[in-house]
Every structure is written in C-alpha cells, then in structure tokens.
Amino acid sequence: MKSPPQEFDAIVEASTLKDAIDSVGVLVDECKIRTSPEGLQIRAVDPANVGMVDLTLSAPAFESLNTDVGILGISWDRFEKVIGLANNGDLVHLDYDHETRKLNVEINGLSYTLALIDPDSIRQEPEIPDLNLPADVTVEGSQIARGVKAADMVSDHIRLSVDDVEQSFSFSAEGDTDDVDLKLETDDLVALSSAAPADSLFSLDYLKDMNKAIPKDAEVTMELGEEFPIKLHFGFAEGHGQTTYMLAPRIQSD
Amino acid sequence: MKSPPQEFDAIVEASTLKDAIDSVGVLVDECKIRTSPEGLQIRAVDPANVGMVDLTLSAPAFESLNTDVGILGISWDRFEKVIGLANNGDLVHLDYDHETRKLNVEINGLSYTLALIDPDSIRQEPEIPDLNLPADVTVEGSQIARGVKAADMVSDHIRLSVDDVEQSFSFSAEGDTDDVDLKLETDDLVALSSAAPADSLFSLDYLKDMNKAIPKDAEVTMELGEEFPIKLHFGFAEGHGQTTYMLAPRIQSD
Amino acid sequence: MKSPPQEFDAIVEASTLKDAIDSVGVLVDECKIRTSPEGLQIRAVDPANVGMVDLTLSAPAFESLNTDVGILGISWDRFEKVIGLANNGDLVHLDYDHETRKLNVEINGLSYTLALIDPDSIRQEPEIPDLNLPADVTVEGSQIARGVKAADMVSDHIRLSVDDVEQSFSFSAEGDTDDVDLKLETDDLVALSSAAPADSLFSLDYLKDMNKAIPKDAEVTMELGEEFPIKLHFGFAEGHGQTTYMLAPRIQSD
C-alpha cells in the first residue's frame, strides 16, 4: 500500500531525528518513510544502485508516537534544513495534515509546513539482500574515519579485508605512486566475531559519504566477503535507532 | 554646515566602536559622522532607499572625547578593517589631522592613517520620518535571528505582524510549497507595550543584514503598523549607544 | 654526494615534524632532506629566487635516529598531508626502504608508503650568503603577525626599519590613500642587540608566507640593513630545531 497514514503525530528529540536524517541523506535526496505504531522505517538506494540504506527508528525512541501504517514521501533536503533550526535538546513535533497532505513541523513555537512528495514519484525501495557474508568485525566509527581519510590521499578506491590468520582487519588503498594501509589488530578492534578471509574493493566516495553519518564513538559492525558487498550496522538514539548500509564492491583490476 | 571639526580627538573601547560600525556597515559603504561635544551621530540610507539607520554614540561611551561640531566623511569598509585589528578590550585612539585631512587611528602602538572622503560626495543623510506607528513590541535579538533564519528557508520576503487579540507577535513567510511561522506569545516577548493590529511585508535581505548587527542578547523594540515601515531600536555600549533602523515595506500581492 | 642514505630510520613527535614541514612548505613544493647522524638539514629557495630557508633538526629532537649521510628527495605537499593524519602527540616512524626507494611513514598502525623524488630533479640548494647585517633585533612572532596583517590592508609591500636614535623597530606600509605603521619601542621588543640604522622594503606576499610558519610565541631574531636582505631566525622543538629565512629586498622607488 502506498497511501499516507490516517494519522501521524510524533514528538521526538531533535538529536535523534538529526542522526536519522544524516544516515539517509548522504545517499538520497528524497525517500519514503514507512510509518507504523512500532516506529518508522526507511529503505533507500542511491541513483547508481551502489549504496543502500535500511534505517529503523522504533517507538521507544519517541516521546510520543501516534500513527497507523502508511507512507510519507519526504524531500530530504528541506526536511534536513528545518530540523537544523532545532537545538539538539529541543523537542520536535511532527504532525501530518491529511487534508492539506503536508507535514507540520513544530520546534519551540516555530511552525514549518513541509509539502510532501507523491510517494509514487520516488524511486522504489530496494530489497536489502540476505548475503550470508563470512567475516564479521566490529570497529569504532573513528577508525573508519581514519581509514577513509588516509585512503583519500592516494586513491578513489579503498580495500577492506580481514586476515583470518593474523586476526586483523585492514583498510588499504593503492595510488599511482603512494600506498596506504591501516591495519587493526585484535587490540584495536571492538570484536572480531567471525575471522573468515575477506577482501573487497569499494568506491571511496560512497564510504566517505557513509562515514559522515557514522558517529565517531559508534560501534560499527561490518560483514564482509571475498569480492562481495559489505554491510555496515550501527545504532543510534540509545539503541532505539538502527542503520544498515550495504555497499556494492568494485571489480578488482590487476 | 559641512566642514570637518577643528578638533576631533577621541579614545574609545574597540568593542564599542565595532558595534557602532557593524550597525551602519550593513547598510552603506561610506557615511558622514557628525561630531559634537555630546557625542557622535550617523544617519544613512541604503542606495535603494529601503533601509535607514540612525545611530548615536554619546560622550559617556568614550574614555575621552574632545571635539567641536563638524562632519567627517568615512569609507566604512576601510574603517571596519582597521578597527578589526584591535582586540575587544583594546583602546582605540582616533585623532583628526586638520592639515592632512586624515584620521589617525592608533591601537597599541599601531598607527593607521585613514584618508577621509569629501562629505559632499557622500549621499545625503535621510530624515527619519516620525510615523506614529500603532504597535510596539520588544523581543530578544536571538528571536529575530530565529525568525529570519526560518523565513530564509522558504522565501525572500518576511511578514511581521501583531495580533492584538491573541497578544502575540509573529514572523512568517510563504514559499512556493512550504510555509513558516514563528509566533511569540506574551511569555516569549520582553514586552508588548502597545498591542494594536499590525501586519507588514519586508524584503528579507534587508532584515538579514540588520539582524547581523543586532546583538543576540539585545532587547529590540519594534514599532509596526499595517503595511507601514517598521522601526527597530536597540542599545549598545551599556546604553550610551543607540541604533534605530527603519525599513520600508513591500507591497503585498495577492 | 647525491645518493640516498644506506639507512634512515627515525622516530619523532608529530608536532616537531609539522613545525619543520611548515617552515619549508611555505616556500617550496619539493626539496632535499640531507640526513646525517647529527640530524637533518634542509636548504631551499623559492622559484623566483626571492626567499630562502635553511632548517636544521638535530638528533636530540628525535626519539631515535639511525642514519648515515645521504639525501632524500621529498614531495613536500604529499609529505605534509600524511603527517597531517597524526595528532600532535603521536609518534611518527619514518623508515627509508633502500630497495623500493620509498619512505615508509607509520603513525599508530597506519602505514603510508611515500614515493621519493630523484634529488637530481629538484632545484639546487642555495648557498645562504654571509651578509654581516648591521642591525639585530628580536621580537615575538605575534608582533610580526600584527605588522604583516596591518600592512596587508594598504599595500603589497612592507618596510622594516630600525631607528638607532629612538631605539625602535618598525613595520610600515604606504598605500594609495592610507598608511600604516607599527612601531615597537624598547619595551615592546624582546631585545635590540645591535641598534644600527636599517631600512629595507620587502614583498609582503613572502613575509605573509613566512609569518604562517612562525609560531606566535616564538622569539624571532631579525638581522637587517639599509636596502639589504633580511634574515629571520627562530627555534622550534625545544631548541633542537632552527629555521633561518632570508628574504631579498625590493628596490625602493621614489
């Protein structure tokens, strides 16, 4: 079903909403929010079909949430700007007006009426495939930031790999003249739950964008394989929010 | 009379001078400073005749002020840069040299010789009309900043209005798809001295510029009417400085 | 001799390396590092032959230094970016690989392989002439910053002069309409070791670049003459590093 909810009335802390908006906004400009009494879900894929996001924000993340099942089509860019008017501790009141088909956003006496988009005009939501990836490693968000920044100095690709013998995880990149390698050993990792061999190359631009939305202090769990997509999972809003990114690999040339 | 003063020798804190310069600099590039033993006065109107400023800085705002009645023609842009070399707590020594017709600016051992402009080449000072505006409301500078920022997301115009029944003051803006409204009720206002109905539309660019010069913690008194100009008053330099802006309304189209 | 060292293995604090890199990087894009057990030396001149730098970083500045006499050709821009990945307190491990002719840079588990440049392709190192300049004055780096910033408002040249009668040192600049003068008297100077008359004009762009590399709290000793080059000396790395700049004068037109 593609109709908007009969009712959507939610109060949520601005910081929670900002984290959710950032996670999706690095990939797409507009998307569908699926509403239900259990919370919100957003699934989106970038125009080139390379990066996907699956985000859930469950009911306990809200101060209050009154809604039924439905879909809201949101222009992400304008939504991001409005929420940017709030300070992190502010409460944001979202209220869908079924008559005008607009979303009222209220922040400390400021009312913003956001025109919604017809969900049919928004790119179809992707199915995030179940891939059964063999390696499973958890790192701090700040380590991803380091790896991405270093790789960016030499290349527009980045290799992520797990060495099951060394029990290590590496970011690496090869440039025309210079190479870079950030190897995280057991002590540098939050966890190495499954140390199968893994080695895949990715477009750095996508990982840079995803990195922007990953909190530096988040624990990010990565599932990897040999020339396979990567999945990154991290929580926000004290665990009531969950983001999964999936990124397709680049073919490795020799 | 359009002649420079025989003497102009003043010592003033840099922060006071910066506040005064900001207030005028957002509207004009050059202006006349009228000197007298009572203090300084600046009146200026922007090239499009839409925004006016009337600023006074009275003698007690100065560490010392020795001057007679006269006019100094100042290039605001260069004056602003020089004073920008001072830290807020620094004392600035201004000394007009009648021989060279230049203004010596001294800041902690640094001497800057500022060439003045012939006052006759500067746009005539405006008469700020006495308008007898019916509504009178006082808000914090930070609320103006919020209203202007929100309006800027949807339009290049902003409506300011007083609802005498609700005893409220509003900033609002209508965009092609989205609207925004910041309503301040009695508790959000510093004062609502005269709650007559008022409603006027203004060019947002001008109010954005004026907002830059309004300290966030200043109490700003606004006089308004129905499709009439607005006057904004605020003090600086511990009350020894006073700025009045007047902004002409835009015709409201329907 | 132009060959690389047989061995070059050094550990040094990132902040020390950053200070050294900044000093040279404001003048040239690539340069030769001369290695020896006593430390490193870099001499370079900018492409227009106007500004020179002579930098030494002696062995006690390093946590460890194992090297023989040799030359490493470095692309300064890439070296600067890599070291920029380190936090100031981090230790940087530099290790020259004689096989691959590359420099391995290691920072907290991050390995960067920096391709070196053939020293023969790098501009010849200048001889810094012994000039026997008559005046000798020491100021704080922050005063140079003030003088340069003020001069930049009116001109693209700056005059540095010593008045031996007044026992003062001045930065000054003359613009088309405005002039600026920062006079430092005995109390404002760290030292005036030799108060001979001196007066020379310099290109402001070069002094602005050098100023970027001079720590604000450094004591900078300047040697000057009448229409002669200026030499600026300052230390870093707790005195184990020493930078000398020499800047050629501009002909003074009248």
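**Exercise 1. A pair of neighbouring strands**

In β7(B), which residue is the bridge partner of B:Ile11?

*Solution.* Start with the strands themselves. In this predicted model, strand β1 of chain B covers residues 8–13 and strand β7 of chain B covers residues 91–97. The two run antiparallel and are joined by 5 bridges. Now look along β7(B) for the residue bridged to B:Ile11: B:His93 is that partner.

**Exercise 2. Walking across a sheet**

Find the order of the strands in the open sheet that holds β1(B) and β7(B), and work out why one side of β5 of chain B is left without a neighbour.

*Solution.* Step one is to list the strands. The order is β5(B)-β1(B)-β7(B)-β8(B)-β9(B)-β13(C)-β12(C)-β11(C)-β15(C), which makes 9 strands with antiparallel pairing. Strands of chain B and of chain C are both in this list.

Step two is to look at the edges. There you meet β5 (64–67) of chain B and β15 (198–203) of chain C. Each has a single partner strand, so one side of each has no neighbour in the sheet.

Step three concerns the turn from strand to strand. Ignoring direction, neighbouring strands are turned by 15° against each other on average.

Step four adds the helices. Helix α2 of chain B, residues 76–83, packs on the sheet and touches β7, β8 (102–107) and β9 (110–115) of that chain. Its direction makes about 175° with that of β9(B). Helix α4 of chain C, residues 204–213, also packs on the sheet, touching β11 (157–163) and β15 of chain C. The direction of α4(C) makes about 90° with that of β15(C).

**Exercise 3. Two helices in chain A**

At what angle do helix α1 and helix α2 of chain A pack, and how far apart are their axes?

*Solution.* First locate the helices: α1(A) spans residues 14–25 and α2(A) spans residues 76–83. They pack at about 155°, and their axes are 10 Å apart. An angle over 145 degrees counts as roughly antiparallel, and α1(A) and α2(A) are therefore roughly antiparallel to each other. The crossing of α1(A) past α2(A) is left-handed.

Next, see who makes the contact. From α2(A) come A:Trp76, A:Phe79, A:Glu80 and A:Ile83, while the residues from α1(A) include A:Leu17, A:Ile21 and A:Val24. The contact residues divide into 8 nonpolar, 1 polar and 3 charged.

**Exercise 4. A helix pair in chain B**

Which residues of α3(B) meet α4(B)?

*Solution.* Helix α3 of chain B covers residues 141–151, and helix α4 of chain B covers residues 204–213. The angle between them is about 145°, with the axes 10 Å apart, and α3(B) passes α4(B) in a left-handed crossing. From α3(B), B:Gly141, B:Ile144, B:Ala145, B:Val148 and B:Ala151 take part. Opposite them in α4(B) are B:Leu204, B:Leu207, B:Lys208 and B:Asn211. Sorting these gives 6 nonpolar, 2 polar and 1 charged.

**Exercise 5. Where chain C meets chain A**

How many residues of chain C are in contact with chain A, and which three supply 43% of the area that chain C buries there?

*Solution.* Count the contacts first: 15 residues of chain C touch 12 residues of chain A. Then take the area, about 1100 Å² buried between the two chains, with 50% of it on carbon and sulfur atoms. Finally, pick out the main contributors. C:Leu85, C:Leu110 and C:Tyr112 supply the 43%, more than any other three residues.

Conventions: Residues are numbered from 1 along each chain as its sequence is written. Chains are lettered from A and ligands numbered from 1 in the order in which they are written. This is a predicted model: local features need pLDDT of at least 70, side-chain atom pairs count only at pLDDT 80 or more; totals for chains, interfaces and linings use all residues. Side-chain values use heavy atoms; hydrogens and water are left out. Two strands pair if DSSP finds at least two bridges between them. Helices (H or I, at least four residues) and strands (E, at least two) are DSSP runs, numbered from the N terminus. Axes are lines fitted to C-alpha atoms, for helices over the stretch in contact, and angles run from 0 to 180 degrees between N-to-C directions. Contact means heavy atoms within 4.5 Å. Angles under 35 degrees count as roughly parallel, over 145 as roughly antiparallel, 65 to 115 as roughly perpendicular and the rest as oblique. A crossing is left-handed if the near helix is turned anticlockwise from the far one by less than a right angle, and right-handed if clockwise. Ala, Val, Leu, Ile, Met, Phe, Trp, Tyr, Cys and Pro count as nonpolar, Asp, Glu, Lys and Arg as charged, and the others, Gly among them, as polar. Buried area is the accessible area (1.4 Å probe) that two parts lose on being put together, summed over both.
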